[in-house]
Each structure stands twice: as C-alpha cells, then as structure tokens.
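Welcome! Here is a short tour of the structure shown below, from one loop residue to the packing of the interior.

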Amino acid sequence: MHPEVRTSAGSVRGTTEHGVSAFRGIPFAEPPVGALRFAAPRPVRAWDGVREATTFGPPPPQAGVFGMDALSEDAGDDWLTVNVWSPDPGPSAGLPVMVWIQGGAYTIGTGSLPEYDGVRLARHGVVVVTFNYRVGLEGFAQVDGAPANRGLLDQVAALEWVRDNITAFGGDPDLVTVFGQSAGGGSVAALFGMPRARGLFRRAIVQSAPGTFFTPELAADIAAACAAELGFRPTVADLSTVAPALLPAASDAVTADITRWAPRWGQAAPRSILFSPVVDGEVLVTTPWRALAEGAGRDVDLLAGHTRDEQRLLTALDGQLGQVTEEQAATALATFAPDPDRYREAFPSAEQQYEVVLSDWLFRMPTYHLAVAQEAAGGRVHLYELTWPAPGMGGALGACHGLDVPLVFGNLTSGQPAALLDGSPEAEDVSSAMRTAWTAFATHGDPGWPVYDATRRPTRLFDVRSTVTTYPEETSREIWREHTFGPLPLVLPGSP
C-alpha cells in the first residue's frame with residue numbers, strides 16, 4: 001500500500017510499515033546552499049505531480065564523532081527534510097502530534113538514524129515527526145553577515161511546516177508536542193526563549209537538556225578559531241566559498257587541540273563544547289530558564305527529566321571509567337561546582353565526585369532548574385528520572401546519558417544506542433512504561449503521575465518497577481539551589 005497525501009507544496013507518496021504510514025524526505029525548506037548558504041530557512045518551492053517520499057533526505061554536514069561524517073559524504077544538499085509516521089493518515093483523524101528534535105552536541109544528528117524510527121511510537125495513536133536541522137558551523141556558528149542560531153531557525157521552520165501540513169497526515173496542529181534529548185532537549189528548551197516559536201506547540205518534553213548557552217562573544221571567538229583552520233574569517237563572504245564537508249573537519253581540528261583554548265573559552269573548553277544556542281537578543285532573546293521564569297511556559301505543559309548517571313557513558317568514551325584520579329576530580333570540582341567542598345563531603349571517592357559534578361553541571365541541574373522555573377511561574381510541569389541501569393558493558397554504565405532514546409522510541413535492537421540495552425528483556429518493560437507516559441502526555445497532558453510542586457517535588461523514577469517519590473537528587477539540588485544558568489561568556493586573558 002502506498003498512501004498519498006497532499007502538502008502545501010505538492011503531493012507525496014509514502015509506504016506502509018507494520019500498519020503505520022511512513023513518509024520520508026519531504027522538504028520543508030529550500031536547500032541552504034549557494035545563495036542561501038548561512039541564511040535563515042526559506043519556504044520550499046512547490047512541485048508538480050506526486051513526489052516519492054520513501055527514502056530519507058540527506059543529512060547536513062556532520063562532525064567526525066561516531067563516524068557521522070561518512071553519512072553526509074556525497075549525499076546531496078537537500079538537508080532540510082521531514083519524516084512522518086501516522087497510524088491514520090487523513091484530515092479527519094485529529095491525532096496528537098509528537099515532533100522529535102534529535103541530539104548530538106549541536107554538531108551531529110539527523111532524523112534518519114534507526115533509533116528514531118517512529119513506527120512503534122506511532123502505534124500508540126500519535127503522529128510522529130522527525131526532521132533535519134543544520135548543525136555545527138552551518139547551524140550554530142556566529143558568522144558575520146548571517147542570522148544567529150540558524151539551526152534553531154530550521155527547527156522553527158519545521159514546526160511551521162507541521163502547523164501548515166500535519167492535518168493532511170492525520171494530526172491535529174493544535175495538539176503538537178515537541179520533544180528532544182540532549183542537544184535536542186536543549187533545543188526544545190531554547191524554543192521558550194524564541195518569539196518566533198510561540199504558538200507552534202502545545203506541550204514540550206525535555207530529556208537531559210545541556211545547560212550550555214553561549215554569549216555572542218564566546219560564539220564569535222570559537223567561530224573565528226574554526227574559520228582560521230581553513231585560512232578564513234568567520235564571515236558569510238569567506239565561509240560560503242568553502243565546501244560544506246570542510247567545515248566540520250575544521251571544527252574537529254579545533255576540538256582535537258581544545259586545551260589551548262581553555263583560558264579563553266572557560267567551561268566550554270574542557271567539555272569540548274564548540275557549539276550551543278547563542279543568546280543573541282533577537283533570534284534567541286534569553287535563556288530558557290529566564291524565559292520560563294518570566295512565564296513563557298504558562299500555556300505549555302512541560303515534561304522534564306534526566307537520567308541518574310548522565311556522565312558515565314561520557315567517562316567511558318573518554319577511556320576513564322574506573323580510572324578517575326584525585327587530581328582529575330579536584331579539577332572538575334574547581335571548574336564546575338558551585339561549592340566543591342560540599343561535593344567532597346557528600347561523595348567520598350574521586351570517581352563519584354567527578355561523575356556527579358559533571359552530570360549535574362551539564363545535564364541534571366539544568367534540566368531540573370527548567371522544572372523549577374516553570375512551576376514557580378505558574379506553569380504545569382511533570383518531573384522524571386530514569387534510574388534503570390543499562391545492562392551493556394556489564395552494567396558499568398548505570399542509567400547513562402542517551403539510554404532514554406531507545407526506550408522512548410521502542411527501538412531496542414536497532415541503532416547505536418541499542419548496544420546499551422544488550423538484549424535485556426527488562427528493556428521492553430521500561431520502554432513500554434516510557435512510551436505510554438510520553439504518548440499519554442502528548443494526548444492529554446498527564447503522563448500518569450502528579451504535577452511537580454516545590455514542596456513535595458513528586459518525581460517518577462523509571463525502572464523495572466517504577467515509583468513516584470520526592471526528587472531523589474537532594475544533595476545536588478541543595479548545592480545548586482541558588483545557581484543561575486546564564487550564557488557562557490568569553491573569558492579574556494587576564495580576566496578573573
């Protein structure tokens with residue numbers, strides 16, 4: 001069966017898979033190349049006839065981590081495409097819509113990865129949408145003559161496409177939930193600080209959002225370093241002449257020599273973070289914490305949470321699992337902890353101090369503070385923590401960063417994150433609970449446990465036997481209680 005749907009730009013023909021209609025590679029904007037390089041996304045031009053929508057569009061240029069650069073080699077330049085999975089394509093279905101923003105440290109990522117296949121999630125009675133957005137230098141570098149946050153503008157353009165077209169695929173444009181993990185969770189959070197995104201979604205799910213947002217000065221300095229690798233300045237005039245594949249290679253070169261930049265780039269350097277949303281005052285007018293505190297989420301239901309052991313996988317990838325020294329722990333505490341002594345008092349070993357402070361700084365406390373800001377401003381928010389330990393690597397990774405992705409989508413045997421599950425039969429139970437909660441939230445705003453309040457702090461802990469309890473990371477909560485997550489500054493030589 002080959003379902004056909006009429007979009008605002010033309011008709012598309014998809015496929016049917018396990019009872020779900022799938023449409024892949026539908027352009028939502030013109031390719032951002034040539035005269036449109038580094039520009040805000042432009043509406044896609046209409047086409048005649050019926051366009052085949054059976055294969056994914058090419059990913060935008062990717063950094064080399066996890067071999068992602070190979071995916072975009074000679075793949076074409078029609079980077080800005082959407083993919084739709086619908087259990088009931090047709091304008092009368094009126095189903096809830098879930099729009100996924102993938103993670104990848106703002107440097108890699110594409111909606112075509114197998115872990116993001118939407119079939120199992122769509123079978124819960126929702127329309128699932130994934131899409132590509134520009135990453136790395138193309139999407140987030142501060143380039144003279146170009147709008148800031150082009151990757152975020154791509155995301156807004158994709159949501160506008162959903163608003164204008166999703167009815168034809170069986171979705172309700174007034175019942176859109178945007179959800180994302182890691183940099184995708186940070187992107188979802190950033191939407192609250194973007195005037196252009198208002199009214200484009202009814203609900204939001206933030207999974208392990210990083211707390212890194214940049215000042216324009218820091219972003220510009222990093223862009224200059226990356227451009228210098230190619231012998232250019234960070235301007236549209238210079239960089240638009242560079243083949244797209246060369247830009248990620250330039251940022252990879254800077255990452256490989258990141259320690260030399262620590263005196264200038266502060267906390268971003270030791271975590272090798274070259275790209276993040278830029279609080280430029282126009283595209284992104286403020287941080288998500290401030291936006292929520294000022295009431296930007298009062299009309300948006302929020303579900304937010306993180307994994308218990310966010311840092312563990314990153315430590316393993318660095319080859320340091322079980323090898324953290326006292327010196328490394330002391331450096332991490334001095335660099336990232338609001339109060340190093342309180343970490344030393346609460347966590348006796350160097351490994352614990354290192355793991356917990358880095359988990360807190362990058363993912364756990366930024367995500368938790370989103371919930372706090374939303375509740376304090378009178379908005380609705382549900383809080384969760386994934387505590388089920390990943391069985392991969394003999395269980396050494398705990399409930400690590402990225403474990404939630406295969407569980408939420410139900411793709412337990414495909415894609416790189418499936419290796420975390422190691423074929424565990426428990427994974428299906430935890431996955432079923434998370435999929436049920438996510439789709440229930442998208443449908444009627446209630447994932448199945450009480451809303452968060454500052455007194456009781458109810459939190460759903462996802463495990464083989466899930467429970468609801470007071471937010472369990474009490475030590476970290478207290479240490480970070482007075483901390484404000486602001487945009488990271490450029491640290492000039494000789495400054496404090």
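Helices and strands here are DSSP runs, numbered from the N terminus, with at least four residues for a helix and at least two for a strand. The model is a predicted one. With that naming in hand, Ser182 sits in the loop between β9 (171-181) and α4 (183-191). Is Ser182 buried or exposed? Its relative accessibility is 9%, so Ser182 counts as buried, the cut-off being under 20%. Beyond its neighbours within four places in sequence, Ser182 contacts Gly103, Gln207, Ser208, Ala209, Pro210, Phe363 and His401.

Now to the nonpolar interior. The largest nonpolar core holds 114 residues, and Phe201 and Trp265 have the most contacts inside it. Helix α13 (residues 350-376) supplies the largest share of this core, 13 residues. A second, separate core of 43 residues includes Trp85, Val119, Phe179 and Leu421. Back in the largest core, Trp265 touches Leu218, Asp221, Ile222, Ala225, Val254, Ile258, Leu274 and Leu490, residues up to four places away in sequence not being counted.

Helix α13 also has a helical partner. Helix α11 (residues 326-336) packs against α13 at an angle of about 30°, and their axes are 8 Å apart. Because angles under 35 degrees count as roughly parallel, α11 is roughly parallel to α13. The crossing of α11 past α13 is left-handed. These residues make the contact:

| Helix | Residues in the contact |
|---|---|
| α11 | Glu326, Gln328, Ala329, Ala332, Leu333, Phe336 |
| α13 | Ala350, Gln353, Tyr354, Val357, Leu358, Trp361 |

By class, the contact of α11 with α13 comprises 9 nonpolar, 2 polar and 1 charged residues.

Conventions:
Residues are numbered from 1 along each chain as its sequence is written. This is a predicted model: local features need pLDDT of at least 70, side-chain atom pairs count only at pLDDT 80 or more; totals for chains, interfaces and linings use all residues. Side-chain values use heavy atoms; hydrogens and water are left out. A nonpolar core is a set of buried Ala, Val, Leu, Ile, Met, Phe, Trp, Tyr and Cys residues joined through side-chain atoms within 4.5 Å. Buried means under 20% relative accessible area, exposed over 50%, partly exposed in between (1.4 Å probe, protein chains only). Contact means heavy atoms within 4.5 Å. Axes are lines fitted to C-alpha atoms, for helices over the stretch in contact, and angles run from 0 to 180 degrees between N-to-C directions. Angles under 35 degrees count as roughly parallel, over 145 as roughly antiparallel, 65 to 115 as roughly perpendicular and the rest as oblique. A crossing is left-handed if the near helix is turned anticlockwise from the far one by less than a right angle, and right-handed if clockwise. Ala, Val, Leu, Ile, Met, Phe, Trp, Tyr, Cys and Pro count as nonpolar, Asp, Glu, Lys and Arg as charged, and the others, Gly among them, as polar.
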